[in-house]
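Student: I am new to this structure and would like a close look at a single part of it. Could you take me through that part slowly, in one connected answer?

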Amino acid sequence: MKIAILGGTGALGLGLASRWIRSGHEVLIGSRTIESAKSACEKLNINEDQGMLNADAANQAEIACLTVPFSFQLDILSEVKDALSGKILIDGTVPLVPPKVMRVQLPEEGCAAIRAQTYLGDSIQVISAFQNISAELLQTDAEIDCDVLVCGDKRDSREQVIALVNDAGLTGWHAGPLCNSAAAEALTSVLIAINKNHTIKHSGIQITGV
Ligand SMILES: NC(=O)c1ccc[n+]([C@@H]2O[C@H](COP(=O)([O-])OP(=O)(O)OC[C@H]3O[C@@H](n4cnc5c(N)ncnc54)[C@H](OP(=O)(O)O)[C@@H]3O)[C@@H](O)[C@H]2O)c1
């Protein structure tokens, strides 16, 4: 697929991009500046033409993935709203509120994914994923034993995202409607607390009993 990664110059964006490129997808790196986008392409060893402004990436892609800090989620969505009409937006946003990132602090809308869906409206299908996976691990070739909870209101859209999760070398699970993203987003603070208290670098989650 042709996948736009919005804010693809950052840690999560580069991690997902490297894995999707390896599995044969065409990745477009979106950024607020052309220079950053092209420099990310250089890091990923792809053609610099695949680096562009967020809105252009969203426009050219079949599906988009948002990988920016929570405080800039709506700013970036305002740049790409029109370009995303009729498409799926994968949202990896975790509503961390520094400095207390070990504390669950969900927004008043319920969670970041619902905030995105409310802002974008019905013509765009928001599916949330990747909140519990370490971007640092994604940037390596290592096998990753962390599962991905995929939340969204339409089963077939979740199915498409689960296929992309699997292509990134991870196991994706149907985790119910978009409002359930609150649980995945909250879990990130729990994992950060576990990392700190147990001196672990990349704790993650796995579904058992399968
Ligand atoms: N890091 C992880 O391990 C991890 C794991 C799971 C989920 N997440 C979530 O994924 C999202 C991205 O995390 P990250 O660690 O990849 O973030 P990041 O590296 O700090 O930032 C990602 C990108 O966001 C854009 N950005 C930065 N400041 C901005 C601003 N003021 N306004 C608009 N855009 C700005 C930048 O792109 P340009 O400068 O190119 O525009 C930057 O490269 C977050 O919501 C995070 O909670 C992160």
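Tutor: Let us begin with two aromatic residues in this predicted model, Trp20 and Phe130, both of which are buried. They form the 1 aromatic pair that is counted here. Their ring centres lie 5.9 Å apart, within the 6.5 Å allowed for a pair, and because their planes meet at 75°, which is over 60 degrees, the arrangement is edge-to-face. The two residues come from distant parts of the chain, 110 residues apart: Trp20 belongs to helix H1, whereas Phe130 lies in the loop between strand S6 (125-128) and helix H6 (135-138).

From Trp20 we can turn to the strands on either side of its helix. Strand S1 (residues 2-6) and strand S2 run parallel and are joined by 5 bridges, and Leu6 has Gly30 as its bridge partner in S2. Between these two strands the chain passes through helix H1 (residues 11-22), making a β-α-β crossover that is right-handed.

Strand S2 itself, which spans residues 26-31, is mostly covered, with 5 of its 6 residues buried. This strand also runs parallel to strand S3 (residues 51-53), to which 3 bridges join it, and here Ile29 stands opposite Gly51 in S3. On the way from S2 to S3 the chain goes through helix H2 (residues 34-44), and this β-α-β crossover, too, is right-handed.

How values were computed:
Residues numbered from 1 in each chain as written. Predicted model: local features only at pLDDT ≥ 70, side-chain atom pairs only at ≥ 80, totals over all residues. Heavy atoms only, no water. Buried < 20%, exposed > 50% of the residue type's maximum accessible area, 1.4 Å probe, protein only. Helix = DSSP H or I, 4+ residues; strand = E, 2+ residues; numbered from the N terminus. Pairing = 2+ DSSP bridges. Right-handed = clockwise from strand over helix to strand, strands pointing away. Phe/Tyr/Trp six-rings, centres within 6.5 Å; stacked < 30°, edge-to-face > 60°.
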